[in-house]
Amino acid sequence: YTNSATSFNTTSDARMKENVTDALAGNIDAIRVRSFDWKVDGSHQPHGVIAQELFDVVPEAVTQGETDDEMWQVDHSKLVPMMIKEIQDLKAEIAALKGA
């Protein structure tokens, strides 16, 4: 953290990985993007997800509360690789259609 930026880095060094293969397409169409108002202050959120709904599709992106009183949380960074893969697949499909 600095006065002008916050950075959250995750280790991704190739030297720490094994059994590396191309990922399969994610189930991105099953992710429900929602619009809602926050109860705490009434502010509107035009785009977001609900942790309990996302858990059914991408459980690795969700941290469940340990008790019924603890809030569930979403690590949005876990969704980014899925989105990149989906964009790559769509670009390949578009290129194939253009070539047809």
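**Exercise 1. State which side chain D89 meets in a salt bridge, and place the pair in the fold.**

Step 1. D89 and K85 meet through their side chains in a salt bridge, at 3.3 Å from N to O. A salt bridge here is a side-chain nitrogen of Lys or Arg within 4 Å of a carboxyl oxygen of Asp or Glu.

Step 2. Both residues belong to helix α2, where a spacing of 4 residues puts D89 and K85 about one helical turn apart. Helices (H or I, at least four residues) and strands (E, at least two) are DSSP runs, numbered from the N terminus.

Step 3. D89 has 29% relative accessibility and therefore counts as partly exposed. Buried means under 20% relative accessible area, exposed over 50%, and partly exposed in between (1.4 Å probe, protein chains only).

The model is predicted: local features need pLDDT of at least 70, side-chain atom pairs count only at pLDDT 80 or more, and totals for chains, interfaces and linings use all residues. Residues are numbered from 1 along each chain as its sequence is written, and side-chain values use heavy atoms, with hydrogens and water left out.

**Exercise 2. Describe the salt bridge between E53 and R34, and the network that includes R32.**

Step 1. The E53 and R34 side chains form a salt bridge of 2.6 Å, N to O.

Step 2. E53 lies in helix α1 and R34 in strand β1 (residues 34-37), so this pair ties together parts 19 residues apart in sequence.

Step 3. E53 is partly exposed at 24% relative accessibility, and R34 is partly exposed with a relative accessible area of 27%.

Step 4. Through salt bridges that share partners, R32, R34 and E53 join into one network. The count of salt bridges comes to 5.

**Exercise 3. Characterise the lining of the largest pocket.**

Step 1. The largest pocket has a volume of about 380 Å³. A pocket is an open set of points on a 1 Å grid over the protein atoms alone, where a 1.4 Å probe fits, with protein on both sides within 12 Å along at least five of seven lines; lining residues have an atom within 4 Å of a point. Its volume is the space filled by probe spheres set on the points, which are joined across faces, edges and corners.

Step 2. The lining has 14 residues, of which W38, V49, I50, A51 and W72 are the closest to the pocket centre.

Step 3. β2 (44-48), α1 (51-55) and β4 (73-74) each supply at least two lining residues, and β2 gives the most, with 3.

Methods. Ala, Val, Leu, Ile, Met, Phe, Trp, Tyr, Cys and Pro count as nonpolar, Asp, Glu, Lys and Arg as charged, and the others, Gly among them, as polar.
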